[in-house]
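Me: Here is a predicted model. Let's work through its side-chain packing.

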Amino acid sequence: MKRILTILLAGVSTLAIAQKRMSHSHVLSAPPAPVAPSAPAAPHAPVLYSSADAKAQIWISDDENQQHATIIDDNGYSKQVRFNKESGELFLQYKFSKRNEEFIYEKTVNAAEKSEEERQQIIDHFEIEIELPGRGI
């Protein structure tokens, strides 16, 4: 038992000495120079997306690469639309009740090469496809 403790103590002290020598051998570099703040980006024009229902939405985003809009009304209807310019991903999510049943629909579309009008057509076609209430279906 004495032999094991001696070996263990010798090993730990060797590691401690090695670590102490290692930590004083490193020279710390000077902190990086401060970076001047960049000029704020010019605000981009809001993009208008709407559906045939009475609730049109204007998309305004702080992030120039992503636009999003959410509508929630008192009847439990909610619509969420997100478009990421970097990935080209258009995400649609609808929640609503129809005939006393709750429906949740989601769709993700690669719309990287689509214009704003083409993205709006995708939204309109999806709303018709899911038989969104208020679309005259």
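Reply: One cut-off first. Buried means under 20% relative accessible area, exposed means over 50%, and partly exposed lies in between.

Me: Is Phe-96 buried or exposed?

Reply: Take its relative accessibility, which is 3%. The limit for buried is under 20%. So Phe-96 counts as buried.

Me: How are the rings of Phe-96 and Phe-103 arranged?

Reply: Ring centres within 6.5 Å make a pair, and planes under 30 degrees apart count as stacked. Here the centres are 5.8 Å apart and the planes meet at 25 degrees. The pair is therefore stacked.

Me: Which residue joins Phe-96 and Phe-103 in one aromatic cluster?

Reply: Phe-103 is buried at 17% relative accessible area. Its ring also stacks on a second partner, 6.0 Å centre to centre with 5 degrees between the planes. That partner counts as partly exposed, at 26% relative accessibility. The third cluster member is Tyr-105.

Me: Which charged end sits over the ring of Phe-103?

Reply: The limit is 6 Å from the ring centre, and within 35 degrees of the ring normal. The charged end here lies 5.3 Å from the centre of the Phe-103 ring. It belongs to Lys-98.

Me: Which strand gives the largest share of the largest nonpolar core?

Reply: The core has 16 residues, and Leu-90, Leu-92, Tyr-94 and Phe-96 touch the most other members. β4, β5, β6 and α2 each supply at least two residues. The largest share is four residues, from β5.

Me: Which residues of β3 point to the buried face?

Reply: In a regular strand the side chains alternate between the two faces of the sheet. Along β3, Gln-66, His-68, Thr-70 and Ile-72 point to one face and are not buried. Pointing to the other face, and buried, are Gln-67, Ala-69 and Ile-71.

Methods: Residues are numbered from 1 along each chain as its sequence is written. This is a predicted model: local features need pLDDT of at least 70, side-chain atom pairs count only at pLDDT 80 or more; totals for chains, interfaces and linings use all residues. Side-chain values use heavy atoms; hydrogens and water are left out. A nonpolar core is a set of buried Ala, Val, Leu, Ile, Met, Phe, Trp, Tyr and Cys residues joined through side-chain atoms within 4.5 Å. Buried means under 20% relative accessible area, exposed over 50%, partly exposed in between (1.4 Å probe, protein chains only). Rings of Phe, Tyr and Trp (its six-membered ring) pair if their centres lie within 6.5 Å; planes under 30 degrees apart count as stacked, over 60 as edge-to-face and the rest as tilted.
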